[in-house]
Amino acid sequence: MQRIYLVKRNPHSNTKDIDWITMNQKEFLDFLKTDLAKDRYFIHIEDDIAKECPRIVCECTKEEYKKWLSEKWHKQYILKAKKDIGYNVESYNAFVSDDEEFGEEMLMDEYDFTYELINKLAFEQAVNNMSEDELFLLNKLVLSENTISERKLETETKIPQKTINNRKRKLLKFLKGIFED
């Protein structure tokens with residue numbers, strides 16, 4: 001694919017009066033070796049959709065270069081993530097509707113904190129009504145970060161594993177009933 005190199009004749013010119021010098025690759029590489037290239041920034045512009053246009057390397061400001069570089073790194077990160085996890089990673093902000101609405105704004109927010117709050121309050125009320133033995137069992141087998149097996153609890157408490165299992169199932173069935181209502 002052909003490349004075009006655009007260099008400002010005057011690096012301090014503003015956007016209204018830029019005079020571009022068009023170079024080929026050899027001329028551009030020679031230019032980069034001179035003192036004139038010091039403190040000058042260049043970005044690569046490509047036609048990502050059709051890949052029909054020539055690639056352009058264009059001089060820009062330091063701020064434009066930083067923005068381009070950030071976008072380039074982000075694109076590389078997305079491609080790496082897609083390769084690593086095997087899924088396509090998309091940003092909702094990349095989608096814009098006909099009404100100029102960003103994709104993120106078009107998503108429905110299905111999260112209802114009131115439902116979660118009601119469940120939390122119901123759980124707390126259920127826990128407050130449990131006996132110490134039921135709470136002990138629930139904590140050891142389900143809620144604790146370091147849960148233990150029913151067999152290990154049998155060894156600790158001398159309660160048969162089958163009895164522990166029945167009590168656990170009864171507790172979980174009770175709690176499941178709270179959240180289904």
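This passage describes the nonpolar cores, the cavity and two loop residues of a predicted model.

In soluble globular proteins, nonpolar side chains tend to be buried together. In this model, the largest nonpolar core has 11 residues. Its members are Ala-126, Met-130, Leu-137, Leu-138, Leu-141, Ile-148, Leu-153, Ile-164, Leu-171, Leu-175 and Ile-178. Two elements, α5 and α7, give two or more residues each to this core. The largest share comes from α7, with four residues. Another core lies apart from it. That core has eight residues, including Tyr-5, Val-7, Phe-28 and Phe-42.

Leu-137 belongs to the largest core. Residues up to four places away in sequence set aside, Leu-137 touches Val-142, Leu-153, Ile-164, Arg-167, Lys-168 and Leu-171. Of these partners, Leu-153, Ile-164 and Leu-171 are listed in the largest core.

Rolling a probe the size of a water molecule over the atoms shows where empty space is left. The structure holds one cavity of 30 Å³ or more. The volume of the largest cavity is about 30 Å³. Leu-137, Leu-138, Leu-141, Val-142, Lys-168, Leu-171 and Leu-172 line this cavity. Both α5 (132-143) and α7 (161-180) supply at least two residues each to the lining. The largest share, four residues, is from α5. By type, six lining residues are nonpolar, none is polar and one is charged. Leu-137, Leu-138, Leu-141 and Leu-171 appear in the lining and also in the largest nonpolar core.

Thr-147 sits in the loop between α5 (132-143) and α6 (150-157). Its relative accessible area is 40%, so Thr-147 is partly exposed. Neighbours within four places in sequence aside, Thr-147 is in contact with Lys-140, Leu-141 and Val-142. Two of these, Leu-141 and Val-142, also line the largest cavity.

A second loop residue, Ser-13, is found between β1 (3-8) and β2 (20-23). Ser-13 counts as buried because its relative accessibility is 12%, under the 20% cut-off. A polar atom of the Ser-13 side chain lies 2.8 Å from the backbone oxygen of Asn-10. Residues up to four places away in sequence are again left out of the contact list, and Ser-13 then touches Lys-8 and Ile-18.

Conventions: Residues numbered from 1 in each chain as written. Predicted model: local features only at pLDDT ≥ 70, side-chain atom pairs only at ≥ 80, totals over all residues. Heavy atoms only, no water. Buried < 20%, exposed > 50% of the residue type's maximum accessible area, 1.4 Å probe, protein only. Contact = heavy atoms within 4.5 Å. Polar contact = N/O pair within 3.5 Å; in protein donor to acceptor, adjacent residues only side chain to side chain. 1 Å grid on protein atoms, 1.4 Å probe; cavity = no way out; pocket = protein on both sides within 12 Å on 5 of 7 lines; lining within 4 Å. Points joined across faces, edges and corners; volume = space filled by probe spheres on them. Nonpolar A, V, L, I, M, F, W, Y, C, P; charged D, E, K, R; others polar. Core = buried A, V, L, I, M, F, W, Y, C linked by side-chain atoms within 4.5 Å.
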